[in-house]
Amino acid sequence: MCFVLHSMLLARPRQDSAKINPSDRAALLQKIDRRAEHFTGLSHQIWEFAELSYKETQSSQLLKSELRNVGFQIQENVAGIPTAFTASWGQGKPVIGILGEYDALPGLSQEALPEKKVRNVAAGHGCGHNLLGVASALAVVAAKDFLAEKNLRGTVRFYGTPAEEGGAGKVYMARAGAFQDCDVVLAWHPGSQNYAGWRNSLANISAKFRFRGKASHAAIAPEQGRSSLDAVALMNHAVELLREHVPESTRMHYVITNGGAAPNVVPDFAEVYYLARHPDMSTLDGIWARILKCAEAAALATETRMEMEIVSSVHNVLPNDTLNMLLDRNLRHVGGIRYSVEEQTFAEKLRTTLSIENAPSLGSQEQIQRAEEARDSGSSDVGDVSWLIPTGHLWTATFVPGTPLHSWQATACAGMSIGSKGMLVAAKTLALTAADLFSDSGQLEGAQASFKKRRAGHEYRSRIPANQKPPLNYRDK
Ligand SMILES: [Zn+2]
Ligand SMILES: [Zn+2]
């Protein structure tokens, strides 16, 4: 027994010398093409489910059962989150993870049509996460086949990460140690251009500021009241003045979530919900401290009591040069997206509903952009993973060029063939990249070196309080 095992180990090719040859590359892509129809069907099912963050029960079940059926080992309920899971296949190191998401957005219900028409559900996949989770699942299945055929050592793992849209699911999964033994992570996101990297990701912190004052009759005894709404107004005014004195790349937004109930009652309770962003987390810390001072000053002036509850926070994405170069190379090998006649008609019609000034032109979906030429921004909990483990990132044109994320137009594209074509480009690029990483330990070392260089000694620490539990019901309201 021992001898057989030993011989098997010796029979394995040396991983640092085994680069993938063109015929293996072609075979891997052909296998993905053979599974394309089935996986496109899965993405349509998840698009139909359109489940909100932390409520992605059917979507996560579907992906779990698909991966279980082809031999992956499933770990459920990661970090105590019912819709978080990992699916692993293989043995030992290296462990290569691919991130999957599957949450939808409230208010973005839409048929797969180029004109506005809501479905009979409230939510919609306006960020294309139905494509995101399925492409990553298809990529791990293809990487598993490659590992098995080549008899290579290593583990490929799908990360089922819920609640990307504001719930910071990955932060809680990371805290629970889900990424501890992982060597490299690959991630992607649907977009309206094809490129590797993430140029303008923003770190963010969000919190609810609650003010408690003293109620009184607003006409008979206003002098006895202490208005919590005044405190909110004063805080917002202070932040508006602060806006001039923060770095230009800062974003600060707020909504009043409780402003009292009646104008003839001095409100004894009011709440304002803030979100601040900056490309660098340590700069954001300083900006956040000043926002907090605005809240404290407002409480002082209005003689109310203020409390702050951090809702969420994610880091900016730390780019990994080695992994992004590898993804770029493979993306160029796979190529961009060609529309059929019907898709071209759909795209032209959809673009009449968009503001396309300065937007990428129709036809740009056929090309591969360089990250420096591309437009992106926003925040993602992929950022936190990228500060823990070398993380490569990819965007593909699943949406008609010029389509903004979080729009009904994005929901429409994610439910039809334009979305599916972009999804397959992502699956192929991720699978080829995983195969490269399993075959060439030099790439893994490069990814590690790039990670260390970019991180420059900064240790990762989430700004979400350590005792805070995943906000499983934050979408209930
Ligand atoms: Zn989104
Ligand atoms: Zn998204």
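**View 1. Cys 127, a buried residue of the predicted model.** With a relative accessibility of 5%, which is under the 20% limit, Cys 127 counts as buried. In this predicted model, Cys 127 coordinates both the zinc ion (ligand 1) and the zinc ion (ligand 2), and these two ions are 3.1 Å apart.

**View 2. The donors of the zinc ion (ligand 1).** The zinc ion (ligand 1) is coordinated at 2.0 to 2.7 Å by the SG atom of Cys 127, by OE atoms of Glu 165, which is listed twice, and by NE2 of His 406. Because the angles subtended by the four donor atoms run from 53 to 148 degrees, the arrangement around the zinc ion (ligand 1) is irregular. Along the sequence, the spacing of these donor residues can be written C-x37-E-x240-H. Cys 127 and His 406 link distant parts of the chain, being 279 residues apart: Cys 127 belongs to the loop between strand 5 (123–124) and helix 4 (129–150), whereas His 406 belongs to the loop between strand 13 (391–397) and helix 11 (408–414). His 406 has a relative accessible area of 41% and is therefore partly exposed.

**View 3. The surroundings of Asn 316.** Asn 316 is found in the loop that runs between strand 12 (305–314) and helix 8 (321–334), and its relative accessible area of 9% makes Asn 316 a buried residue. The side chain of Asn 316 reaches the backbone oxygen of Pro 279 at a distance of 3.0 Å. When residues up to four places away in sequence are not counted, the residues that Asn 316 touches include Ser 201, Leu 202, Ala 203, Asp 280, Met 281 and Trp 387, as well as Pro 279.

Conventions:
Residues are numbered from 1 along each chain as its sequence is written. Chains are lettered from A and ligands numbered from 1 in the order in which they are written. This is a predicted model: local features need pLDDT of at least 70, side-chain atom pairs count only at pLDDT 80 or more; totals for chains, interfaces and linings use all residues. Side-chain values use heavy atoms; hydrogens and water are left out. Donors are N, O and S atoms within 2.8 Å of the metal (3.2 Å for Na, K and Ca); water is not among the atoms, so sites may look incomplete. Four donors count as tetrahedral if all angles lie between 85 and 135 degrees; four count as square planar and six as octahedral if opposite donors are over 155 degrees apart and all others between 65 and 115; anything else is irregular. Helices (H or I, at least four residues) and strands (E, at least two) are DSSP runs, numbered from the N terminus. Buried means under 20% relative accessible area, exposed over 50%, partly exposed in between (1.4 Å probe, protein chains only). A polar contact is a pair of N or O atoms within 3.5 Å; within protein, one must be able to donate a hydrogen and the other to accept it, and residues adjacent in sequence count only if both atoms are side-chain atoms. Contact means heavy atoms within 4.5 Å.
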